[in-house]
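Let's take a friendly walk through this structure together. Keep the sequence and the 3D view at hand as you read.

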Amino acid sequence: MTAPGTHLPAGPPGGGHFDPASGVWADVVGQEAAVAQFRRAASPEGSLAQAWLITGPPGSGRSTAARAFAATLECENGTGCGQCRACRTVLADTHPDVTVVATDKLSIAKEEVRALVMTAQRSPATGPRRVVIIEDADRMSARTFNVLLKSIEEPPPSTVWMLCAPSAEDLAPTIRSRCRVVTLAVPSSDVVAELLRRRDGVAEQLAVRAARAAQGHIGLALRYATQEGALAAREDSARTLLGLRSTGEAVLAAQSLVDRATAEAKEHADAVATEEKERFLRSAGVDDGKVPPALRAQVRQLEEDAKRRQTRLVRDVLDRYLLDAHSVLRDVLSRQLGTSSELVNIEVAEEVERTAANGSGTITLGLLDAVGQARARISGNVPPLLAIEALLSRVAVSLR
Ligand SMILES: [Zn+2]
């Protein structure tokens, strides 16, 4: 057995030396144990399970890990070299034997999964394996899980399923019991900052700041580092939160948050919808923008998809806000408990210190609970405005 951190056992001839920094695992940062597990399974001595469940918090790199694993299985050198055509096409999502399903909608449709099951039945066209990756496997209904179940139970010998989800509990027990589970850790701010510097060319100081604010969420860190005003908006929200003193202020703040989240979601959803509609009409040979009656039903379907996507995005944006609020309150608590740990929200250190001095740990703990409750409500079916209003009112009353 290979110890984590050492290089792969010698692969087939031509494999050469494996350099983790240039191979397909280079961008899977802060996940030494998981990477070792994948590489062992992919090595000639390893036993390769045919259904994998890759879990880890959002932004920990689940889908990056799945692609790297798929590339290792398809690699012409058997090592995940990152250089051969197979490795490069898998990472670019253009390998003919690797299918990746991602969704920004609320759920993955049963028809979509049925099509995947058909794909999974086929033998690979070029590589040694057929790989099907489902990025948001938690967004399937129980009935959709049933469609998947049979194929996961008895896949053709060369097929490998890789499901990604926040936690194993997000999947039906019948599915997860048939998968080998690999759990990713929350990567540390240091490794995320290093990744932003190396992969995205972000300047050192900005990379460190963005990584700290994102608290181990790689995609969010990149957004903070590259999207103008994103870090400033986060700071603003933190200041507003700690400055709430009356229910009236809380109601206004909640409305403005939900408005901003809706606008951000709508802008993104509209852009995607326009692009999808144009692509669809072009592929149907329509170039004057007029939708012929025969295609109306399909166009309407695209528009409905866009609406569902927008709903999902509003919740995602608000959830991000709630995670930020949680980190601000945790900073307050850490000061109240007298720990010497560095604040996540250094930019609002003054407000954090003041809030800590004026309140008590018990109150702050209650507020942290309330944030968790608001997140649960929004991911359930409570209208986001109600959930945020309730939370901010409670913050205002507690900090008064
Ligand atoms: Zn390769």
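## A word on terms, and the model

In what follows, a residue is called buried when its relative accessible area is under 20%, exposed when that value is over 50%, and partly exposed in between. Please bear in mind from the start that you are looking at a predicted model.

## How the chain is divided

The domain assignment splits the protein chain into domain 1 (32-183), domain 2 (189-227) and domain 3 (243-399). If you take centres over C-alpha atoms, domain 1 and domain 3 lie 30 Å apart.

## Strand E3 and its partners

Strand E3 covers residues 130-134. Which way do the side chains of E3 point? Arg130, Val132 and Ile134 point one way, Val131 and Ile133 point the other way, and all of them are buried. Because five of the five residues of E3 are buried, this strand is largely enclosed by the rest of the structure.

E3 has pairing partners to look for in your viewer. E2 and E3 run parallel and are joined by four bridges, with Val98 standing opposite Val131 of E3. E3 also pairs with E4 in the parallel sense, this time over five bridges. Here Val131 has Val160 of E4 as its bridge partner.

## Strand E1, another enclosed strand

Now move to strand E1, residues 51-55. Why is E1 described as largely enclosed by the rest of the structure? The reason is that five of its five residues are buried. Ala51, Leu53 and Thr55 point to one side of E1, while Trp52 and Ile54 point the other way, and all are buried.

E1 is joined by five bridges to strand E4 (residues 159-165), and the two run parallel. Four bridges join E1 to strand E5 (residues 180-183), again with the strands running parallel. Trp52 is a handy residue to follow here: its bridge partner in E4 is Met162, and its bridge partner in E5 is Arg180.

## The zinc site

Which residues hold the zinc ion? Cys75, Cys81, Cys84 and Cys87 coordinate the zinc ion through their SG atoms, at 2.3 to 2.4 Å. The angles among the four donor atoms are 105 to 117 degrees, and the site is tetrahedral. Along the chain, the donors follow the spacing C-x5-C-x2-C-x2-C.

The pair Cys75 and Cys87 links distant parts of the chain: Cys75 sits in the loop between helix H2 (62-74) and helix H3 (85-91), Cys87 sits in helix H3, and they are 12 residues apart. Both Cys75 and Cys87 are buried.

## Arg67 in helix H2

Helix H2 is also the place of Arg67. Is Arg67 buried or exposed? Its relative accessibility is 15%, so Arg67 counts as buried. Not counting residues up to four places away in sequence, Arg67 touches Val90, Leu91, Asp93, Val100, Ile133 and Glu135. Two of these names appear elsewhere in this report: Ile133 is one of the buried residues of E3, and Asp93 is discussed further below.

## Thr144 in helix H5

Thr144 lies in helix H5, which spans residues 142-153. With a relative accessible area of 2%, Thr144 is buried. The side chains of Thr144 and Ser141 are joined by a polar contact of 2.9 Å. Leaving aside neighbours within four places in sequence, Thr144 is in contact with Ile108, Ala109, Lys110 and Val113.

## Two residues with positive phi

Most residues other than glycine have a negative phi. Against that background, two loop residues deserve a look.

Asp93 is not a glycine, yet its phi is positive, at about 65 degrees. You will find Asp93 in the loop between H3 and strand E2 (98-101). At 40% relative accessibility, Asp93 counts as partly exposed.

Gln215 also has a positive phi, near 50 degrees, in a residue other than glycine. Where is Gln215 found? Look in the loop between helix H8 (204-214) and helix H9 (218-226). Gln215 has a relative accessible area of 27%, so this residue is partly exposed.

How values were computed. Residues numbered from 1 in each chain as written. Predicted model: local features only at pLDDT ≥ 70, side-chain atom pairs only at ≥ 80, totals over all residues. Heavy atoms only, no water. Donors = N, O, S within 2.8 Å, 3.2 Å for Na, K, Ca; no water. Tetrahedral: all angles 85-135°; square planar, octahedral: opposite > 155°, others 65-115°. Buried < 20%, exposed > 50% of the residue type's maximum accessible area, 1.4 Å probe, protein only. Domains from an automatic or database assignment. Polar contact = N/O pair within 3.5 Å; in protein donor to acceptor, adjacent residues only side chain to side chain. Contact = heavy atoms within 4.5 Å. Pairing = 2+ DSSP bridges.
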